[in-house]
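Grab a coffee and open your viewer. Here are a few exercises to work through on a single chain, each with a solution you can follow step by step.

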Amino acid sequence: MPDDGSQHVNRTGGAFIVWPADSQGRRIDPPRSGEDGSRHLPNPAHPDAVELFIGLPDDAGPPPKEQVELLIEIEKLLRVVQSLYRSGPRPRPEAFRIYYVKLFYLAQLGLEGPNAVPDIARSALAVTAMDLIDDEAGNIKNAYLKRLGLHTVILSVPFLALYCVAFAWQGEWLTSSFALLRIDRPLLASFCMLWVGCFHGVWLSYGIRKAKIGIADLTAREEDRMQPLVRLLFAGLLTFAIGLMVTSGVVDIEIGSISLTRIIDTPTFAYLVGMCFGIAELALPASIGNKANTVAAAIR
């Protein structure tokens, strides 16, 4: 018997029909038989082909599990490609078509026909996903860092200005206003630096945590789906809450042998603490929740 390599490949009957579809899910130029008995082939390069029609023949039984899993993986990657190249801020139809055609033929390879090979299709799909990451990961990460950095600068400037006012300006009107409002100028200056440090730490946090970009990161920059401005304000308020707890004596936190109460009179230390909290932004909600629960339990 000739060795055609078939003994090394897991060939199974494809349970599905794969065809290009438009944005409404309608098959484009549906399959038909020619007058000479020839089979009409699908055209994934059609400009309206943006979805995959994947159906089951009328006489088909339950599809194999491995084909269903492959179908799900293809659909997920197609959603990413659509988000990047069709519905993104700068649509790139040429790049979309390249990846769409690849995914279409991979779907055919693993899901359709008497000699479907889902294991090979899955391996090729993984290579396609890596190609997409190589093409877009750098652009995605740098673009998000720029957006986050821009919001960091916008939020930092007012607090730096307030720090300069609170720390250096000795005008009589300002002094009397602070006294009337019972604002401690050194403490206000330290809290300004605490906020600024937190903003800078959040910016660093993204770069540290996203050393490697995965497929999910191409469309969802963060798991919690927060926008850059919201993320900075959220982390800033949590850091502010910790600062209030420490300076009010509600909790006593020490780093080594140094108490965080030093932020009261040492703005540079306050900046360092804020930066540490910003870098650890993902752990802040749980920490604040535990401290708040402790306070609430003490009240009861």
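The exercises below go from the overall fold to the cores, the surface and the salt bridges. Keep in mind that this is a predicted model.

**Exercise 1. Work out how many helices and strands the protein chain has, and in what pattern they follow each other.**

Start with the count: the protein chain has 8 helices and 4 strands. Next, walk along the sequence, and the pattern reads β-β-α-α-α-α-α-α-β-β-α-α. Then look at the contacts between residues at least 6 apart in sequence: 74% of them join residues at least 24 apart. Finally, check burial and surface. Of the 300 residues, 39% count as buried, and the chain exposes about 17200 Å², with carbon and sulfur atoms supplying 61% of that.

**Exercise 2. Find the largest nonpolar core and say which elements supply it.**

First, the size: this core has 46 residues. Its members with the most contacts inside it are Leu52, Tyr85, Leu111, Leu132 and Leu218. Now trace where the residues come from. Strand S2 (51–55) supplies at least two, and so does each of the helices H1 (65–85), H2 (93–111), H3 (118–168), H5 (185–209) and H6 (228–247). The largest share, 11 residues, comes from H3.

Now zoom in on Tyr85. Skipping neighbours within four places in sequence, Tyr85 is in contact with Pro91, Arg92, Pro93, Ala95, Phe96, Tyr99, Leu132 and Glu136. One of these, Leu132, is also on the list of residues with the most contacts inside the core.

Last step: another core, of 20 residues, lies apart from the largest one, and Phe191, Ile242, Val251 and Phe269 are among its residues. As background, nonpolar side chains tend to be buried together in soluble globular proteins.

**Exercise 3. Is Leu260 buried or exposed, and what does Leu260 touch?**

Begin with its place: Leu260 sits in the loop between strand S4 (258–259) and H7. Then apply the cut-off: buried means under 20% relative accessible area. Leu260 has 3%, so Leu260 is buried. Leaving out residues up to four places away in sequence, the residues that Leu260 touches are Val246, Ile253, Ile255, Phe269, Val273 and Phe277.

Two C-alpha distances help with orientation. Ile242 is 18 residues from Leu260 in sequence and 9.8 Å away in space. For Thr247, which lies in helix H6, the separation from Leu260 is 13 residues and 8.2 Å. Thr247 has its own contacts with Leu187, Phe191, Ile263 and Ile264, again without neighbours within four places.

**Exercise 4. Find the nonpolar surface patch that includes Ile279, then look at the residue in H5 that touches Ile279.**

The patch is made of Trp203, Leu204, Ile208 and Ile279, with about 340 Å² of accessible area together. H5 gives the largest share, 3 residues, while Ile279 belongs to helix H7 (residues 267–279). At 34% relative accessibility, Ile279 is partly exposed.

Now go to Ser205, in helix H5. With 1% relative accessibility, Ser205 counts as buried. Beyond four places in sequence, Ser205 touches Gly278, Ile279 and Glu281.

Patch member Trp203 also turns up among the contacts of Thr152, together with Phe199, His200 and Leu232. Thr152 is in helix H3 and is buried, at 5%.

**Exercise 5. Which arginines pair with Glu281 in salt bridges?**

Take Arg209 to begin with: its side chain meets that of Glu281 at 3.0 Å, N to O. Arg209 is in helix H5 and Glu281 is in the loop between H7 and helix H8 (284–299), 72 residues apart. Then take Arg231, which meets Glu281 at 2.9 Å, N to O. Arg231 lies in helix H6, so this pair ties the helix to the H7–H8 loop across 50 residues of sequence.

Now compare burial. Arg209 is partly exposed at 29%, whereas Arg231 is buried at 2%. Glu281 is buried too, at 6%.

**Exercise 6. Where are the cysteines Cys192 and Cys198, buried or exposed, and how many disulfides are there?**

The structure holds 0 disulfides. For Cys192, the nearest cysteine sulfur is that of Cys164, 9.3 Å away. Cys192 is buried at 2%, and Cys198 is buried at 0%.

Conventions. Residues are numbered from 1 along each chain as its sequence is written. This is a predicted model: local features need pLDDT of at least 70, side-chain atom pairs count only at pLDDT 80 or more; totals for chains, interfaces and linings use all residues. Side-chain values use heavy atoms; hydrogens and water are left out. A nonpolar core is a set of buried Ala, Val, Leu, Ile, Met, Phe, Trp, Tyr and Cys residues joined through side-chain atoms within 4.5 Å. Buried means under 20% relative accessible area, exposed over 50%, partly exposed in between (1.4 Å probe, protein chains only). Contact means heavy atoms within 4.5 Å. Patches are made of residues with over 30% relative accessible area and no salt bridge: like charges are joined within 9 Å, nonpolar side chains (Val, Leu, Ile, Met, Phe, Trp, Tyr) within 5 Å. Accessible areas come from the Shrake-Rupley method with a 1.4 Å probe; for residues, only the protein chains shown count as cover. A salt bridge is a side-chain nitrogen of Lys or Arg within 4 Å of a carboxyl oxygen of Asp or Glu. A disulfide is a pair of cysteine sulfur atoms within 2.5 Å.
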